[in-house]
Every structure is written in structure tokens, then in C-alpha cells.
Amino acid sequence: QAEDGIRDVERSRGLGDVYKRQEVEKRVRKVLPQWYKAKVVGPGEYRQLHAEGYIFVWGGRVDYVSENAVVSAVSRGGKIRQCAGRVDDIHDGTIEQLLLGGTVRCVAFDGRVDKVLGGVIEDVRHGGSVGVVGTSYMHQGVVYNVFGGKIGEVRGGVVLAVQPGVPNGPDSIVKKIDKEGTVITYTPLPDCRVLNDGVLIDRSERKGVIVSKSVDWKLRRQV
């Protein structure tokens with residue numbers, strides 16, 4: 001069945017799941033009345049999205065978000081397996097693969113993107129995390145800004161700015177730069193490992209620029 005441009009891949013819900021979805025929709029529409037017609041993928045639902053408009057993945061699972069789809073939020077344990085569309089916000093939710101053409105505006109508050117495969121993330125902040133910033137078909141995955149977020153590995157992708165986190169908040173972390181990945185940082189990264197021709201451009205102390213290309217080299221503060 002098709003519902004306003006949203007095609008279900010697999011639906012097997014009991015009456016309890018129906019009630020849960022209705023409660024989630026009521027909360028969304030109460031807080032955001034201007035988005036009264038927003039579609040909600042709630043607990044127990046499994047869908048594939050091909051629609052434009054406001055879509056919330058709150059506790060449900062989405063197999064694939066197409067190029068024309070716009071997801072306003074992934075939250076409450078919601079999960080997207082593959083995304084080639086736009087996601088505005090991820091908190092307490094997950095995207096497994098951000099594909100070429102996919103865009104995420106903000107990952108924060110226990111939100112996570114497992115792999116960036118040619119897609120773009122604008123901000124990773126306040127406890128958000130990215131597993132791997134990689135490549136797809138010669139296109140680099142890109143993270144524009146890390147502000148109190150965590151990057152596990154930059155594997156051929158690019159991180160354009162790693163900023164210090166807020167006072168008493170989580171630190172900005174990049175654990176590994178590997179396979180021609182590039183990171184520009186404005187804060188010390190004492191535990192970062194640069195491997196296999198990775199590049200680290202360190203501007204954290206404003207004493208010039210350090211560019212490191214080496215094998216099995218652990219960054220220390222040797223400016």
C-alpha cells in the first residue's frame with residue numbers, strides 16, 4: 001500500500017504499536033502545529049521513504065531514504081539503514097550509511113552516523129558521533145564542523161574544522177586518520193593516530209600549520 005508518497009516495505013504491527021504511533025503523532029502535532037500533516041514513523045514500523053515534506057523517524061526503522069525525501073528528525077532510537085536524502089537532525093537515533101547525495105545538518109545528543117560514504121554532514125556536536133568518514137565512487141565524505149562530537153576514523157574523507165567543545169561539555173575527538181583522509185583541527189587531538197598517508201593540519205596553537213603524512217605515527221603536542 002502507498003500512503004501520501006510513503007511506500008511500506010514491511011508492516012507487521014499489533015494494536016499496541018498502533019496506539020504508540022498515535023501517541024507520538026499527537027506529541028509532534030501538539031508541539032509543532034504548523035507541521036500537523038507531518039508523517040511519523042513510530043515504534044514497530046518499518047518503511048521506505050520516497051516523499052517530500054516533514055517526516056519524523058521516532059522509534060521506527062526506515063530501510064532507505066531517497067534523494068527527494070526530507071526527514072526532520074531521527075530520534076527515540078529511530079534508525080535509517082541507508083540515506084540519500086536530507087536529514088535535519090539526529091539525536092538518540094542512527095543512520096547506518098549516509099550515501100552520495102545524502103546530507104545531515106546536525107548530529108548531536110547520542111545521535112550517530114555509522115558510515116559517511118560520499119555524503120555530507122554539516123555539524124557533529126554535543127555528544128554526537130560518526131564512525132567512519134569514507135568515500136564512494138571517488139567522492140569523498142565530508143564533515144564540515146566537529147564541536148564537542150566524536151569521529152572514529154577518517155578513511156579517505158575530509159573533516160574541515162574540529163573546534164573545541166563547550167566548557168564542561170564533551171571534547172571534540174578524532175581517533176584515527178587513515179587511507180588519505182584529511183582533518184583540519186583548531187583544538188589539540190592528543191590521542192589521534194595518523195596512518196597510511198593520512199593528513200593532519202593542526203592550527204590549534206596558531207603557531208603555523210603542521211601537516212603530517214606518515215605511517216603509524218601518534219600525535220603528540222610537539223609544536
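A nonpolar core, as I use the term here, is a set of buried Ala, Val, Leu, Ile, Met, Phe, Trp, Tyr and Cys residues joined through side-chain atoms within 4.5 Å. I am working from a predicted model.

**Whole chain**

I began with the totals. The chain has 223 residues, and 48% of them count as buried. I found one helix and 24 strands. For the contacts, I took pairs at least 6 apart in sequence; 16% of these join residues at least 24 apart. The chain exposes about 11,300 Å², with 48% of that supplied by carbon and sulfur atoms.

**Core**

Next I looked up the largest nonpolar core, which holds 36 residues. Which of its residues touch the most other members? I noted Ile 80, Val 87, Val 113, Ile 121 and Val 174.

I followed Ile 80 further. Leaving aside neighbours within four places in sequence, I listed its contacts as Val 57, Val 62, Val 65, Val 71, Val 74, Val 87, Thr 94, Ile 95 and Glu 96. Val 87 is thus a contact of Ile 80 and also one of the core residues that touch the most other members.

**Strands E4, E6 and E8**

I then checked the strands around Ile 80. Strand E6 covers residues 61–65, and four of its five residues are buried. E6 runs parallel to E8, and I counted four bridges joining the two. Within that pairing, Val 62 has Ile 80 in E8 as its bridge partner. The two residues also appear together in the contact list of Ile 80.

E6 also pairs with strand E4 (residues 46–49), again in the parallel sense, over three bridges. Here I found Leu 49 opposite Val 65 in E6.

**Lys 79**

Lys 79 is in strand E8, which spans residues 79–83. Is Lys 79 buried, partly exposed or exposed? Its relative accessible area is 31%, so I entered Lys 79 as partly exposed, the class between the 20% and 50% cut-offs. Beyond four places in sequence, I have Lys 79 in contact with Val 57, Gly 60, Arg 61, Val 62, Val 74, Thr 94 and Glu 96. I also noted the C-alpha atoms of Lys 79 and Gly 93 at 5.8 Å from each other, with their positions 14 residues apart in sequence as the separation.

**Aromatic pair**

I searched the whole structure for aromatic pairs and got one. The ring centres of Phe 56 and Trp 58 are 5.7 Å apart and the planes stand at 80°, so I logged the pair as edge-to-face. Phe 56 and Trp 58 are both buried.

**Positive phi**

I looked at two residues that have positive phi without being glycine. Arg 76 has a phi of about 55° and lies in the loop between strand E7 (70–75) and E8. With a relative accessible area of 45%, Arg 76 is partly exposed.

Glu 180 has a phi near 65°. I placed Glu 180 in the loop between strand E19 (173–178) and E20. Its relative accessible area is 59%, so Glu 180 goes down as exposed.

**Thr 187**

My last entry is a loop residue. Thr 187 lies between strand E20 (182–185) and strand E21 (193–194). Why does Thr 187 count as buried? Its relative accessibility is 11%, and the cut-off for buried is under 20%. Not counting residues up to four places away in sequence, I found Thr 187 touching Val 162, Gln 163, Pro 164, Ser 172 and Ser 204.

Technical notes
Residues numbered from 1 in each chain as written. Predicted model: local features only at pLDDT ≥ 70, side-chain atom pairs only at ≥ 80, totals over all residues. Heavy atoms only, no water. Buried < 20%, exposed > 50% of the residue type's maximum accessible area, 1.4 Å probe, protein only. Contact = heavy atoms within 4.5 Å. Phe/Tyr/Trp six-rings, centres within 6.5 Å; stacked < 30°, edge-to-face > 60°. Areas by Shrake-Rupley, 256 points an atom, 1.4 Å probe, with all protein chains shown as cover. Pairing = 2+ DSSP bridges.
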